[in-house]
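Colleague: I would like a close look at a single part of this model, set in the context of the whole chain. Please take your time over it.

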Amino acid sequence: MKLNSAFKAFGVIGSVAIIMIYFQNCGPMDASQLKTLSEISSQTSDTSGSDEADNSTDETPSGSTQAPKGVQFFDSFETASLEHTNIHGFRWGGTNRTSIVSSSAVVYTKGESINTPKPEGRNWNAYAGEHSMRFRYPEGEAWAEQRYEMGTAYPEVWISYWVRVPENYTHGPIGSPRNQKWNAVWTDDYSQHGDGPTEVFNMRPDGSGGGSASTVSIVKATNMNSAHRESYPGFIKVPEDRGRWMHNVFYLKIASSPTADDGQVKWWRRWQGDDSFTTLANMESVGLWPNSGPQGFSAGYIMGWANGAYAEDTEFLIDNFTISTESLLIID
Ligand SMILES: [Ca+2]
């Protein structure tokens with residue numbers, strides 16, 4: 001029931017008047033903070049995939065379908081379903097214009113395996129292996145979203161995944177305001193429906209003529225309002241970033257006590273082939289107090305409501321979704 005009610009809450013943040021507070025924090029990560037996959041032995045909760053990705057063309061990424069060591073949950077969608085779980089009972093929620101696709105067909109949606117051939121002119125090549133999760137925003141439609149429940153509450157949690165920028169990407173021009181949801185993570189329930197805080201990672205127009213900036217907003221942090229913060233212009237540049245795969249890494253830390261303003265919210269990004277991460281957000285004094293219920297982060301969604309609807313059918317692909325209690329700033 002909680003999940004159902006949460007599904008109805010998508011639009012709350014989008015209706016909040018926003019105050020844009022800009023400051024960049026975009027230096028590359030110190031090399032000492034990075035790991036490489038060569039330093040990480042193979043250990044996975046997803047044994048369905050293969051390391052041998054399809055490298056038949058230069059445009060096909062070759063990411064690993066093997067989970068980094070020690071992660072809590074990893075899904076490269078190579079099961080061709082949303083039934084993957086872990087010891088805590090991670091659970092993908094219902095699909096909302098999301099599906100699992102192979103390079104040639106839709107293979108799973110709305111809880112069922114299907115085989116709907118890919119329309120002509122689309123590129124559904126996964127980042128790793130043969131499958132990815134597709135988010136489809138039809139022309140003029142604002143909502144494509146995939147929810148999940150972590151099965152437990154993490155006082156500190158790392159989340160990462162790869163996103164392919166749509167090949168026809170232009171920041172949605174229809175509607176106002178035009179901030180787009182990118183990722184949200186919460187403690188007990190989404191946004192105003194929860195007693196505890198919710199983190200929302202967003203995009204907004206960056207004024208460049210179709211590109212997007214990234215922003216962070218927080219609902220029910222005790223020491224700040226829900227304004228958009230930490231704007232990073234050039235999050236997606238148009239046209240040069242169209243069709244590129246980007247690695248997103250998020251870190252969330254709940255406050256250490258009900259009186260401490262030491263919660264943290266961080267966000268990094270690197271494009272495929274980059275050997276360092278760019279910091280998009282670095283917030284270290286946030287009053288992220290759990291109020292009641294889970295004493296940590298327990299659920300979230302990927303993508304979500306686009307206040308600026310797209311003028312053309314627009315598809316994002318997601319791959320290698322990962323949850324960990326250890327750093328995911330990994331160069332693979
Ligand atoms: Ca995959």
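Before we go to the part itself, what percentage of the 332 residues in the chain is made up by buried residues? Then please look closely at strand β7: how many of its six residues are buried, and in which sense does β7 pair with β4 and with strand β18?

Modeller: This is a predicted model, and within it buried residues account for 49% of the 332 residues in the chain. The chain has one helix and 19 strands. Of the contacts between residues at least 6 apart in sequence, 71% join residues that are at least 24 apart.

Strand β7 covers residues 132–137, and because five of its six residues are buried, the strand is largely enclosed by the rest of the structure. Its pairing with β4 is antiparallel and runs over four bridges, with threonine 98 standing opposite phenylalanine 135 of β7. Strand β18, residues 314–324, also pairs with β7 in the antiparallel sense, here over five bridges, and in this pairing arginine 134 stands opposite leucine 317 of β18. As a general point, side chains in a regular strand alternate between the two faces of the sheet.

Following β4 back along the chain brings us to arginine 97, which lies in the loop between β3 (91–96) and β4 (98–101). Arginine 97 has a positive phi of about 55° although it is not a glycine, and because it has 17 C-beta neighbours inside 10 Å, it counts as partly exposed. A comparable backbone detail is found at lysine 220, in the loop between β12 (212–219) and β13, where phi is again positive, at about 70°, although this residue is not a glycine either. Lysine 220, however, has 21 C-beta neighbours inside 10 Å and therefore counts as buried. Such details deserve a check, because most residues other than glycine have a negative phi, and most peptide bonds are trans.

Two peptide bonds in this model are cis and lead into prolines. One runs from serine 176 to proline 177, with omega near -5°, and proline 177 sits in the loop between β9 (156–164) and β10 (180–186). The other joins valine 238 and proline 239, with omega about 10°, and proline 239 belongs to the loop between β13 (229–236) and β14 (245–253).

The strands that follow these loops, β10 and β14, each hold a tryptophan. Tryptophan 186, in strand β10, is buried because 24 C-beta neighbours lie inside 10 Å. Leaving out residues up to four places away in sequence, tryptophan 186 touches Gly194, Gly196, Thr198, Phe297, Ala299 and Gly300, while leucine 252, 66 residues away in sequence, is 9.8 Å from it, C-alpha to C-alpha. Tryptophan 245, in strand β14, is likewise buried, with 21 other C-beta atoms within 10 Å. Setting aside neighbours within four places in sequence, its contacts are Pro61, Tyr127, Trp162, Arg164 and Gln272, and its C-alpha atom is separated by 9.3 Å from that of glycine 273, 28 residues away along the chain.

How values were computed. Residues are numbered from 1 along each chain as its sequence is written. This is a predicted model: local features need pLDDT of at least 70, side-chain atom pairs count only at pLDDT 80 or more; totals for chains, interfaces and linings use all residues. Helices (H or I, at least four residues) and strands (E, at least two) are DSSP runs, numbered from the N terminus. A residue is buried if 20 or more other C-beta atoms lie within 10 Å of its own, exposed if 12 or fewer, and partly exposed in between; C-beta atoms are placed from the backbone. Two residues are in contact if their C-beta atoms, placed from the backbone, lie within 7 Å. Two strands pair if DSSP finds at least two bridges between them.
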